[in-house]
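Trainee: Please take one part of this model and look at it closely, beginning with a single pair of side chains and working outwards from there. I would rather have one connected account than a list.

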Amino acid sequence: MSMKELGVVGRNVGQRDLESHARGQTTYYEDVHYPRMLHLKMHRSAEPHARIVSVDTSAAEASPGVVCVLTHEDLPGKKVWNGLAAVGVGPEDEPILAFDKVRWRGEPIVAVLGESAEAARAGAAKVEVDYDPLPGVFDVEEAISGSLPALTAHWPNNHYIYPDDHGAAQIRFGDVEQGFAEADHIVEDSYQTSPIEQAPMETNGCIAKPGGDGRITVHTNTQAVHFARDNTAAILGIAPGKLRFLGGTVGGGFGGKVDVAVEPISVLAAMRTGRPVKFKYTREEEMQVSSTRSAWRLNIKDGVMDDGRIVARKITSYQDSGAYLRFSSYGSMKHAGHMPGPYTIPNVWVDARVVFTNRPPSSAMRGFGVMAASFAIELQMDKVAKTIGMDPWQLRLLNAYRNGDMRAHRKVNEDAAMVETIQAAAQLAGHELPAEYQAMTSWDRKAS
Amino acid sequence: MEDKLIRLAVNGRDEAVVIQPLATLQDVLRDKLELNAVKSGCGQGGCGSCSVLVDGELQLSCLTLAERVGDAEVTTLEGLNETNAIVPLQQAFIENYAAQCGYCTAGMVMAAKALLDRNPAPSRDEIVEGLSGNLCRCTGFAPIVRAVQQAAQALSDTGEEAS
């Protein structure tokens, strides 16, 4: 088939919703308007780690325009959950509304329903929680050092336990210790990424509308509409068929709208009051409460030969999951899946741990796990190049994976394009490569 | 404080609305008049997604008290398409792929209109300055700037107004 016959490949194709965007006619969850709609605001933990001594909602309930308040006692189904429970991830560890303890500043405790957003906000501010503060855990390596108490009974060492009792997502390939013993140089460093908020233009939110047929319609900006519906049903202990979730255009997500953060409590409030309920995160909540990309710490140790070959790489990494699991076990699996970077190294040892701290729970964001791995590995490659006095482009070309190489995950590499990509980048950047490096391909490593 | 009846001139229509004290223009446009192109990204004047024109001047409707608008003429993005025909500025956004999720687009178009109405032949720097109060998180600003450049060119070619 010639390019001429192809309708889409190689052409600019119109974006279907562009005209609607340009006219301002695209419908987002918030663009449906119901009469008698209630607004939900959350009273959130002021402490990063504390025992809850008492919760007093009487002033909130008496606040003008407040219709009702909901605490963990009002939850008809689950009290704690994990979004991936249906696919076997567990144990479920995150309270839907906090009880007995709070484990991060911003954790939801009491939902307040008001006739207006302002009435709900004023009511939520009047909830009184008496805390008995506990020491906070904010550093991943300290968290698992054994010197601090466990944040929950689920994770006695403050890190996630994968199936088969593995405390980390692991890779064991070759013998790194032997590799280090044979190496001419040892290059070690520690790398740290920060949490990053997805910061979509439209904050997390939904509108739950009871219908006359006993079903609740939920207009939501979730990135995962069936996932959100099934989790909402599971949390509330109701049949998924009772819920009609309508997604639509999401006003930016980037992974920040998959946590099912607003729907369950809004549906419960709609069931309780029989009225439409809107729960919209303020910008402040979006920045401070909604989950971020995890912060990651990576300790990398490389064994390197004088000629630039990396013969051993050992990585211990710590994903700061915050107070609860959410999708972090998947994040660290993906993270480990990108080790040891796009390089062929004969001896690889990786422990990628999910660690619990008193920070806000972290979750998905564009390639989560991957970005932290690439960031640390590429900084490490530069450090290796500098240590042995080699051009960093040449170091990468020398070690780049080739077709046919056995990867650390016991998969034979195919469709590699690393060598050609570096060569093209060098050309664009005006970086001169020696002839033997220009002659390298992904199909052989003869030039090395 | 009691609810209050006010009159607003919006997109060429005279509207009577009952508002709560301290209601913002954004609240009234979105929730009372259901002019949904007025978005609400931050509610604190930081993102520009609620931008409208008040007597031709660019205003953040989330920081504007509805009852202070008085007799001024309010224009939302919907006001550009009263006859259903798309205007050159909107066409330029479409042709330059200047939107992805679309949430910032209405505010961007209004900020661009305000700029082109007072300066029909802006430099690139002037366009960047004119859009500097409006945030986008997915498309990136380059296609948006290109759209406004194209719209300015189209206007100078045809001698039309921006919208």
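**A contact between two chains, and the chain behind it**

Mentor: Let us begin with Arg30(B) and Asp31(A), whose side chains form a salt bridge with 2.9 Å between N and O; as with everything that follows, this is read from a predicted model. In general, side chains of opposite charge can pair when their charged atoms come close. The pair belongs to the interface of chain A and chain B, across which 2 salt bridges are found, and the polar contacts between these chains, counted where both residues have pLDDT 80 or more, come to 19 residue pairs. On the side of chain A that touches chain B, the largest share comes from helix 1, residues 18-23, which supplies 5 residues. By character, the residues on that side divide into 12 polar, 8 nonpolar and 8 charged.

Taken as a whole, the contact draws on 28 residues of chain A and 35 residues of chain B, and the two chains bury about 2,500 Å² between them, with 53% of that area on carbon and sulfur atoms. Within chain A, the residues that lose the most area to chain B are Arg23(A), His33(A) and Met201(A), which together account for 31% of what that side buries.

Moving from the interface into chain A, we come to an open sheet of 7 strands, with mixed pairing and the order 3-7-1-14-11-12-13. Its edges are strand 3 (66-70) and strand 13 (243-246), each of which pairs on one side only, and neighbouring strands of the sheet are turned by 25° against each other on average, with direction ignored. As a general point, strands of a sheet pair through backbone hydrogen bonds, in either a parallel or an antiparallel sense. One of the pairings here is that of strand 1 (residues 38-44) with strand 7 (residues 108-114) of chain A, which is antiparallel and runs over 6 bridges; in it, Arg44(A) has Pro108(A) of strand 7 as its bridge partner.

Two helices of chain A can be placed against this sheet. Helix 6 (residues 225-236) packs on it and touches strand 12 (216-220) and strand 13, its direction making about 150° with that of strand 13. Helix 7 (residues 263-273) also packs on the sheet, touching strand 1, strand 3, strand 7, strand 11 (205-210), strand 12, strand 13 and strand 14 (277-280), and its direction makes about 125° with that of strand 3.

Helix 7 brings us back to charged pairs, of which the rule counts 31 salt bridges over all chains. In one of them, the side chains of Arg272(A) and Asp74(A) meet at 3.1 Å, N to O. Because Arg272(A) lies in helix 7 and Asp74(A) in the loop between strand 3 and strand 4 of chain A, the pair ties together parts that are 198 residues apart in sequence.

A few backbone details in the loops of chain A complete the picture. The peptide bond from Gly90(A) to Pro91(A) is cis, with omega near 0°, and Pro91(A) sits in the loop between strand 4 (80-81) and strand 5 (94-95). Another cis peptide bond, with omega about 0°, joins Met339(A) and Pro340(A), where Pro340(A) belongs to the loop between helix 9 (328-337) and strand 18 (348-356). Finally, Asp415(A), a residue other than glycine, has a positive phi near 60° and is found in the loop between helix 11 (392-399) and helix 12 (418-429).

Notes
Residues numbered from 1 in each chain as written. Chains lettered and ligands numbered in written order. Predicted model: local features only at pLDDT ≥ 70, side-chain atom pairs only at ≥ 80, totals over all residues. Heavy atoms only, no water. Contact = heavy atoms within 4.5 Å. Buried area = accessible area lost by both parts, 1.4 Å probe. Salt bridge = Lys/Arg side-chain N within 4 Å of Asp/Glu carboxyl O. Polar contact = N/O pair within 3.5 Å; in protein donor to acceptor, adjacent residues only side chain to side chain. Helix = DSSP H or I, 4+ residues; strand = E, 2+ residues; numbered from the N terminus. Nonpolar A, V, L, I, M, F, W, Y, C, P; charged D, E, K, R; others polar. Pairing = 2+ DSSP bridges. Axes fitted to C-alpha atoms, helices over the stretch in contact; angles between N-to-C directions.
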